[in-house]
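Okay, thanks for squeezing me in. I'll put the structure up, and then we can walk through the surface, a pocket and a few odd spots.

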Amino acid sequence: MNLILRLLINALFVFVLAYFLNGVSVDGYVGAIIVAIVISILNLLVKPVLIILTLPITIITLGLFLLIINALIILLADKLIDGFSVNGIWTAVLFSILLSVLQSILHSLLKEEKKN
């Protein structure tokens, strides 16, 4: 149940970010749910491989290259989903940073509810 709730909230985040960012568009809330599911699957399957393949450059840049990897995951989701589009790598970087911040806030709130 917690996974479904997180996916729905992440879809809400995707929908809101697509509304506020000029270079990002998504076709409705159902499209945002699909985007959230696809990004979660890509983060589970593709991201670890990309991290291992780019480990030297990630170490040299002190981890900042992970922002580019997150943007590549967003751009890959753009290519896989018809109702989702991102205009360029820098828009994808900004989108991934904002989505990560919102997700970390969500996870900290959910952890705090478990403690009480």
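So, which residues form a nonpolar patch on the surface? Here's the list: Ile4, Leu8, Leu12, Phe15, Val16, Tyr19, Phe20 and Tyr29. Together they come to about 800 Å² of accessible area. Before I go on, keep in mind that this is a predicted model.

Where does the patch come from? Helix α1, residues 2-20, gives the most to it, with seven residues. Let me pick out two of those side chains. Phe15 lies in helix α1, and it counts as partly exposed because its relative accessibility is 34%. Phe20 is also placed in helix α1, but at 60% relative accessibility Phe20 counts as exposed. The cut-off for exposed is over 50%, so Phe20 makes it at 60% and Phe15 doesn't at 34%. If you want a sense of distance, take Phe20 and Leu110: they're 90 residues apart along the chain, and their C-alpha atoms are separated by 25 Å.

While we're on helix α1, have a look at Leu3, which lies there too. Leu3 counts as exposed, because its relative accessibility is 62%. From the C-alpha of Leu3 to the C-alpha of Phe65 you cover 28 Å, with the two positions 62 residues apart in sequence terms.

Now the pocket. How much space lies in the largest pocket? About 370 Å³. It's lined by 18 residues, and the closest to its centre are Asn10, Ile39, Ser40, Asn43 and Gln103. The elements giving two or more residues to that lining are α1, α2 (28-45), α5 (65-80) and α6 (89-115). As for the chemistry, the lining of the largest pocket divides into eight nonpolar residues, eight polar and two charged.

Let's move on to helix α2, where I have two residues to show. Ile41 lies in that helix. Is Ile41 buried, partly exposed or exposed? Partly exposed, because its relative accessibility is 44%. Ile41 and Ala77 sit 36 residues apart in sequence, and their C-alpha atoms are 9.8 Å apart in space.

The other one is Val30, again in helix α2. Val30 is exposed, because its relative accessible area is 60%. Take Val30 and Ile59: 29 residues apart along the chain, with 38 Å separating their C-alpha atoms.

Last stop, a backbone oddity. What is phi of Leu62 near? It's near 55 degrees, a positive value in a residue other than glycine. For context, most residues other than glycine have a negative phi. You'll find Leu62 in the loop between α4 (55-60) and α5. And Leu62 counts as exposed, because its relative accessibility is 78%.

So, to recap: a nonpolar surface patch to which helix α1 gives the most residues, a largest pocket with about 370 Å³ of space, and a positive phi at Leu62. That's what I had, over to you.

How values were computed
Residues are numbered from 1 along each chain as its sequence is written. This is a predicted model: local features need pLDDT of at least 70, side-chain atom pairs count only at pLDDT 80 or more; totals for chains, interfaces and linings use all residues. Side-chain values use heavy atoms; hydrogens and water are left out. Patches are made of residues with over 30% relative accessible area and no salt bridge: like charges are joined within 9 Å, nonpolar side chains (Val, Leu, Ile, Met, Phe, Trp, Tyr) within 5 Å. Accessible areas come from the Shrake-Rupley method with a 1.4 Å probe; for residues, only the protein chains shown count as cover. A salt bridge is a side-chain nitrogen of Lys or Arg within 4 Å of a carboxyl oxygen of Asp or Glu. Helices (H or I, at least four residues) and strands (E, at least two) are DSSP runs, numbered from the N terminus. Buried means under 20% relative accessible area, exposed over 50%, partly exposed in between (1.4 Å probe, protein chains only). On a 1 Å grid over the protein atoms alone, a cavity is a set of points where a 1.4 Å probe fits but cannot get out, and a pocket is an open set with protein on both sides within 12 Å along at least five of seven lines; lining residues have an atom within 4 Å of a point. Grid points are joined across faces, edges and corners, and a volume is the space filled by probe spheres set on the points. Ala, Val, Leu, Ile, Met, Phe, Trp, Tyr, Cys and Pro count as nonpolar, Asp, Glu, Lys and Arg as charged, and the others, Gly among them, as polar.
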